[in-house]
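Before you read my comments, please open the model and keep it beside you, since each point below is meant to be followed on the structure itself.

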Amino acid sequence: MAGVLKALRPILLAAVLAGSGPALAGDMSGGARVFQAQCSICHHDTKNAPPSVGPDLFGVIGRKAGTLKGYAFSAAMKHSGLTWTPEELDRYLADPGKVVPGNKMPFPGMHDSARLDAVLSYLETLK
Ligand code: HEC
């Protein structure tokens with residue numbers, strides 16, 4: 001898994017960066033579309049979905065970081081001590097590498113606060 005992820009990293013990053021481009025410009029407020037464009041390549045959003053590159057995000061709000069059964073989290077995520085409140089998610093998604101140093105989510109961070117708010121609202125519907 002770790003090896004595969006390492007090999008895929010450049011491709012995934014390119015896809016994520018492509019997804020964050022002009023395609024979204026027409027609909028910045030649609031959290032589902034932001035999720036589709038920037039998260040769904042690595043995360044499912046439905047109940048009991050099999051692990052993807054990243055853990056299923058159904059029910060992520062209120063969950064303790066790194067605890068979803070069936071997903072092989074990094075030690076950094078398992079020991080982060082975080083619980084995914086909207087506030088912690090906001091901090092994490094803006095700069096994953098800074099908030100959980102050494103975690104394995106290959107995502108550069110979301111700096112557009114409107115887009116970040118939109119995706120957070122979407123995550124709150126996943127329950
Ligand atoms: C290129 C793949 C990739 C993309 C894109 C990505 N993630 Fe992740 N994500 C991961 C991986 C891998 C992990 C596991 C991190 C670890 O164990 O260190 C993760 C972990 C997470 C976690 C922690 C979950 C938990 O149960 O502790 C959250 C929350 C999260 N991602 C949200 C998002 C959101 C929201 C987006 C879109 C804005 C996103 N991710 C985009 C790969 C990705």
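The numbered points below go from the whole chain to the ligand and then to a single residue.

1. Please keep in mind throughout that this is a predicted model. The secondary structure of the chain amounts to six helices and zero strands, and if you follow the sequence from its beginning you will read the pattern α-α-α-α-α-α.

2. The chain has 127 residues, of which 38% count as buried. When contacts between residues at least 6 apart in sequence are considered, 43% of them join residues at least 24 apart.

3. Turning to the ligand, you may ask which cavity it takes up: the space taken by the ligand is the largest cavity. There are 30 residues around the ligand, and those that come nearest are Cys39, Cys42, His43, Ser74 and Met105.

4. The make-up of this shell deserves a careful look, for its residues divide into 22 nonpolar, six polar and two charged. Helix H1, which spans 2–19, and helix H4, which spans 86–94, each supply at least two residues of the shell, and the largest share, three residues, comes from H4.

5. Which polar atoms of the protein lie within a short distance of the ligand can be checked one pair at a time. In the case of His43, a polar side-chain atom lies 2.7 Å from a nitrogen atom of the ligand. For Gly66 the partner is a polar backbone atom, which is 2.8 Å from an oxygen atom of the ligand, while for Trp84 an N or O atom in the side chain is 2.8 Å from an oxygen atom of the ligand.

6. Ser74, one of the residues that come nearest to the ligand, is worth locating on the model, and you will find Ser74 in the loop between helix H2 (31–38) and helix H3 (75–78). Is Ser74 buried or exposed? Its relative accessible area is 14%, and because a residue counts as buried when this value is under 20%, Ser74 is buried.

7. The surroundings of Ser74 within the protein complete the picture. A polar atom of the Ser74 side chain lies 3.1 Å from the backbone nitrogen of Met77. If residues up to four places away in sequence are not counted, Ser74 touches Gly102, Asn103 and Lys104.

Key:
Residues are numbered from 1 along each chain as its sequence is written. This is a predicted model: local features need pLDDT of at least 70, side-chain atom pairs count only at pLDDT 80 or more; totals for chains, interfaces and linings use all residues. Side-chain values use heavy atoms; hydrogens and water are left out. A residue is near a molecule or strand if one of its heavy atoms lies within 4 Å of it. A polar contact is a pair of N or O atoms within 3.5 Å; within protein, one must be able to donate a hydrogen and the other to accept it, and residues adjacent in sequence count only if both atoms are side-chain atoms. On a 1 Å grid over the protein atoms alone, a cavity is a set of points where a 1.4 Å probe fits but cannot get out, and a pocket is an open set with protein on both sides within 12 Å along at least five of seven lines; lining residues have an atom within 4 Å of a point. A molecule sits in a cavity or pocket if more than half of its atoms lie within 2 Å of its grid points. Helices (H or I, at least four residues) and strands (E, at least two) are DSSP runs, numbered from the N terminus. Ala, Val, Leu, Ile, Met, Phe, Trp, Tyr, Cys and Pro count as nonpolar, Asp, Glu, Lys and Arg as charged, and the others, Gly among them, as polar. Buried means under 20% relative accessible area, exposed over 50%, partly exposed in between (1.4 Å probe, protein chains only). Contact means heavy atoms within 4.5 Å.
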